[in-house]
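Hi,

Here is the structure I said I would pass on. Have a look, and then read my notes underneath.

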There are 2 protein chains.
Amino acid sequence: MAKDVTLADVARLSGVSRATASRALNNRPGVKPAVRERVLSVASESGYRPNRAAQNLAGNGTSVIGLLLGHAYLEQLPYAGLLVQEVTRAADAHGLGVLLITDMDNPSRGVRNLVNDGLVNGVVVSVTATDNLWTDELLEANMPAVQVGQGRLATPVKTVDVENKESSAHIVGHLLDTGCIKLGTITGPLDRLDARLRHEGFLLAHERRSIPVDESLILEGNNSKERAYELAAELLDRQPDGVFAGNDQTALAVCRQARERGINIPEQLSVAGFDGTYIDEFSIPRITSVVQPFTELGTKLVEGLIAAMNGDNEAGHQLLTPSFFYGETTRPPVN
Amino acid sequence: MAKDVTLADVARLSGVSRATASRALNNRPGVKPAVRERVLSVASESGYRPNRAAQNLAGNGTSVIGLLLGHAYLEQLPYAGLLVQEVTRAADAHGLGVLLITDMDNPSRGVRNLVNDGLVNGVVVSVTATDNLWTDELLEANMPAVQVGQGRLATPVKTVDVENKESSAHIVGHLLDTGCIKLGTITGPLDRLDARLRHEGFLLAHERRSIPVDESLILEGNNSKERAYELAAELLDRQPDGVFAGNDQTALAVCRQARERGINIPEQLSVAGFDGTYIDEFSIPRITSVVQPFTELGTKLVEGLIAAMNGDNEAGHQLLTPSFFYGETTRPPVN
DNA sequence: TTGTAAGCGTTATCAT
DNA sequence: ATGATAACGCTTACAA
C-alpha cells in the first residue's frame, strides 16, 4: 500500500520542517500548540509510523527490548512460555517490541551482538540453572538489564522475583498440617539464591512446628526434569509421606515416579511444588503449588527495565507476592 | 567495554575505505583476496559487529524476522513454546534475530507497525483458530511471509505444515486396531484446512476397515482447552470406547473428563491426539499422538521465509512427515 | 580493485 | 518557536 510515510512527508504536508515535526511528534517543548496539533493530525491521517531503525540510529535508543532466555530455558515449559507471554504483553503496553534471544551457548558473543547490533537497548534476563555469566557481560557492556529471579547472593543488577522463603514455608506448612510427618524435598541448585530461599522455607516450616527434619530426605537437584526424575527415584526409596519440590517440573517428576511405583497421590504421598504451572482445569494432576504472579512479574520486569534504560541504575531487588493453589497432590486440610 | 567498533574503525585499521570494508565483510565480489582477508581478521579481532539498525536503514533489509503469534496462542502451551523455540533456533542459525509479536487484537495496526517500523522484513505467521486476517494484511503490505499450518483452503502464501490426513488415518487406525469399535472425535475448527484434513483422516481410517462411523460421536471443537473440556463431557456421555482428538490439548481435556468420571484409560477408553506435545518421560499421561517434527518445522519455516525475502513469491505448501508416539492412553497392539 | 559520495529516516545542535 | 544542518553506521551507485 501507500509507500511508507516518512517524517519528511509529514513535515511537508504540515508545512513545517522535519525538526519541528519531530519535536511535535515526540512531545518535546518548544512547539506552538496549533502547529503541534496540525502535525499530529497529519501524521495520524497519513498513517505515519516512525522508522525505529532510524530512530535508533539517530541515537535515541530503540523501542525494542531483548528477552534473554537460557538455551535450555524454552524447553522448560510452561514456565518459560508464561514468562515470554507476560513480558511481551507488558512491553507491548509500553510500545516496546520484544526480541527473543535464546542463544546462550556463548554468552560473550551473544551479548556483544545485542549491544552492538543496536537493535536493543535493554534486556530482560532470566536466571538459568547453570549460571549467570550473562549478567556480568551485560553490566560490563553497560547494557540496562533486569533479571528474572535471583541468582547469586548479591547480584549487582535489578531483579524481580517472587517471594520465596515465606511462600515455601507456607506451602510446606500445608503439607505438614495435612498429615505429613516425614517430608522429603528435592531442591533447586543451592548456589542460586531463589532455590536456597525455597529450601530455607522448607526448613522454617518444620522449625515453626518443632518437627524435626530428616536430612537424608533432602536432595539437591538442578531444576531439570531429567535430574528430578532420577532424584525422585532415590527419594521415594526412602519412603517419605510427602515431598516439597523446588519447582513444578520437579514435582511432576515425583508424581511420575510415584505413579510408576504404584504409590497413590495424595493418599500415600503428598506433593507440592513451586511456580503454579500445573494448576489449570486440565492439568493432570493439578499440582499443589506456590503460584507465581506471572502477569505482575512481566509488568514489573518491563517497568524496571524502562527505569534502567532511563538511567536508574539502582540494583533493587523486588519481591512479588505469590498466591497458593491447593490441588490434587495434597490432602484437604484437617479441621 | 571498548566503545562500539564501527565499520569505519575496521576500515581505518585495515587501511581501506569503508566501501571496501563493507564489500569484504558482506562477501561481495570485487575485493582482492588479500585485502578481504585482512579486513575480515581485523573485524574479528576488534570484535566488530555490524549495527543492524544502520544496515537496515541503508536499505539492505533487516536481519530480524517477526514471529507472529495469536493473542491466545502463547497460552496454548506447549505447542507455541516449541514453535517459538525452533523458529528462534533456525533463525539464529541464519544469523537472524526473532522479534516476537503477539498483539493480534488489531491486525491492521500490528502489521502496519511491523512493516513501517522497519525492524523486520519477513514474518512467520501462525494460523490461529480464529482467523487469518493477518495473512491478507501482510500480503497487501507486500511483506514476505510464511505461515505455520494451513488455514483457509487456498492460502495465497507459503505454508509449512505437517501432513495431516494420512497421519491422522494412521493414528486412528491404531485405535481401531487395538480394539476400539466405537470411536468418537473432537475435531478442530473445520473451516481450517488442517483441522479438516485431520478429520478426513479419521473418516479414512474407518473407511479402509469398513467400519461405520457413528455421526453422533463427531463433535466440532475450536482447539481451545475450555471448549474441548465441555465437548468431552458431551462426548463421554455417549460412551465411546476411544477418542481421536484434533490436538493434544483436546486429548488432555478428554483424559481429564474421563478421570473425573472414573473411566480408566486405556482400559475403558483409548485416547489419541495430534501434535506430540505430551510424550516426554514426565507427562501424565503420555498421550498417544501424531508427533510434529518441530525442529524441521522451524527450519523449513525459516528457509521458506528467507526465500520469500529474496523474492521467491511462490505460494508453495510444504508438508512435513510426522512420527508417531504410542503412549499410555491407548492399548498395546494386538498381535 | 578500490575510493568518493550520496543517501536511508530520525534526532540533536545550533542558529535565527 | 522554528529551521538548517550535522550526525548516527551502513550500503551502493558511480568514478577512478
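Below is what turned up, starting with the DNA and ending with the protein interior.

First, a caveat: this is a predicted model, and the distances are computed from it.

Around DNA strand D there are 30 residues, and the ones that come nearest are T20(A), R23(A), K32(A), L7(B) and Y48(B). Y48(B) also puts a polar side-chain atom 2.6 Å from a phosphate oxygen of DNA strand D. From chain A, S17(A) has a backbone N or O atom 2.8 Å from a phosphate oxygen of that strand. For a base contact, try A54(B): one of its polar backbone atoms is 3.4 Å from a base nitrogen of DNA strand D. The elements giving two or more residues to this surface are α2 (18–25) and α4 (52–60) of chain A, plus α2 (18–25) and α4 (52–60) of chain B. α4(B) gives the most, with five residues.

What does the surface near DNA strand D have by class? The split is 13 nonpolar, 10 polar and seven charged residues. On the DNA side, sugar or phosphate accounts for 59% of the strand D atoms within 4 Å of the protein, and bases for the rest.

Now the interior. The largest nonpolar core has 46 residues, and L297(A), L301(A), L297(B) and L301(B) have the most contacts inside it. Beyond its neighbours within four places in sequence, L301(B) is in contact with L83(B), V87(B), V124(B), V146(B), Q147(B), V148(B) and V160(B). Another core, of 38 residues, lies apart from the largest one and includes L217(A), L231(A), Y278(A) and L235(B).

Cheers

Methods. Residues numbered from 1 in each chain as written. Chains lettered and ligands numbered in written order. Predicted model: local features only at pLDDT ≥ 70, side-chain atom pairs only at ≥ 80, totals over all residues. Heavy atoms only, no water. Near = heavy atom within 4 Å. Polar contact = N/O pair within 3.5 Å; in protein donor to acceptor, adjacent residues only side chain to side chain. Helix = DSSP H or I, 4+ residues; strand = E, 2+ residues; numbered from the N terminus. Nonpolar A, V, L, I, M, F, W, Y, C, P; charged D, E, K, R; others polar. Core = buried A, V, L, I, M, F, W, Y, C linked by side-chain atoms within 4.5 Å. Buried < 20%, exposed > 50% of the residue type's maximum accessible area, 1.4 Å probe, protein only. Contact = heavy atoms within 4.5 Å.
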